[in-house]
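I opened this entry to record what I looked up, item by item. The model and its sequence come below.

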Amino acid sequence: SRQRINRLMKEEELACKTKRRFKATTDSRHNKPVVDKHDDRRNNWIQELDKRRGKNISAVAVANKNARIAWAVLTKKEPYKAAA
């Protein structure tokens, strides 16, 4: 039982490891504007999709597109060529 385990642990002077707390390394909830690093056709499409449909739906659409691109690259066995 739980009480027996507690008693045995006290007798042997054992203690449970405490769970480490999450340490935030970045502040992702800031109010500062984010600079767009990329200005290619694909990223422009993603930005327009974000504006039209919202972040969640656009994230699913981008994941779908990435999966289709990965599948095409693997089946054709050719390197990825971004659309110009």
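For these notes a helix is a DSSP run of H or I with at least four residues, numbered from the N terminus. On that basis I placed Ser58 in helix α3. I keep in mind throughout that the model is predicted.

**Ser58**

Is Ser58 buried or exposed? I read its relative accessibility as 2%. Since buried means under 20%, Ser58 counts as buried. I then looked for its contacts, leaving aside neighbours within four places in sequence, and found Leu49 and Asp50.

**Helices α2 and α3**

Both Leu49 and Asp50 appear again in the list of α2 residues that meet α3. On the α2 side I noted Arg42, Trp45, Ile46, Leu49, Asp50 and Arg53. Facing them in α3 are Lys55, Ile57, Ser58, Ala61, Val62, Lys65, Asn66 and Ile69.

Two packed helices are described by the angle between their axes and the distance between the axes. I looked up both for this pair: the axes of α2 and α3 come within 7 Å and cross at roughly 145°. I entered the crossing as right-handed.

I checked the length of each helix next. For α3, residues 55–76, the 22 residues should span 32 Å at 1.5 Å a residue. The end C-alpha atoms of α3 are 31 Å apart, which agrees. For α2, with 13 residues, the reach from first C-alpha to last is 18 Å, close to the 18 Å expected.

**Trp45 and the rings**

Which residue lies over the face of Trp45? I found Lys65 there, at 5.1 Å from the ring centre. Trp45 and Lys65 are also both among the residues listed where α2 meets α3. I also looked for aromatic pairs, taking ring centres within 6.5 Å as the rule, and the count came to zero.

**Positive phi**

I went through the backbone for positive phi values. Gly54, which follows α2, has a positive phi near 100°. Two further entries concern residues that are not glycine. Lys77 has a positive phi of about 55° although it is not a glycine, and I located Lys77 in the segment after α3. Glu13 likewise has a positive phi of about 55° without being a glycine. I placed Glu13 in the loop between α1 (2–11) and α2 (41–53).

Are Glu13 and Lys77 buried or exposed? The relative accessible area of Glu13 is 74%, and I recorded it as exposed. Lys77 counts as exposed at 74% relative accessibility.

**Arg21 and Thr75**

I found Arg21 in the loop between α1 and α2. At 81% relative accessibility Arg21 counts as exposed, because the cut-off for exposed is over 50%. I then took its separation from Lys55: the two are 34 residues apart along the chain, and their C-alpha atoms are separated by 28 Å.

Thr75 is found in helix α3. I read 45% relative accessibility for Thr75, so it counts as partly exposed. How many residues apart in sequence are Thr75 and Thr26? I noted 49 residues in sequence and 38 Å in space, C-alpha to C-alpha.

Methods
Residues are numbered from 1 along each chain as its sequence is written. This is a predicted model: local features need pLDDT of at least 70, side-chain atom pairs count only at pLDDT 80 or more; totals for chains, interfaces and linings use all residues. Side-chain values use heavy atoms; hydrogens and water are left out. Rings of Phe, Tyr and Trp (its six-membered ring) pair if their centres lie within 6.5 Å; planes under 30 degrees apart count as stacked, over 60 as edge-to-face and the rest as tilted. A charge sits over a ring if NZ of Lys or CZ of Arg is within 6 Å of the ring centre and within 35 degrees of the ring normal. Helices (H or I, at least four residues) and strands (E, at least two) are DSSP runs, numbered from the N terminus. The expected span of a helix is 1.5 Å times one less than its number of residues. Buried means under 20% relative accessible area, exposed over 50%, partly exposed in between (1.4 Å probe, protein chains only). Axes are lines fitted to C-alpha atoms, for helices over the stretch in contact, and angles run from 0 to 180 degrees between N-to-C directions. A crossing is left-handed if the near helix is turned anticlockwise from the far one by less than a right angle, and right-handed if clockwise. Contact means heavy atoms within 4.5 Å.
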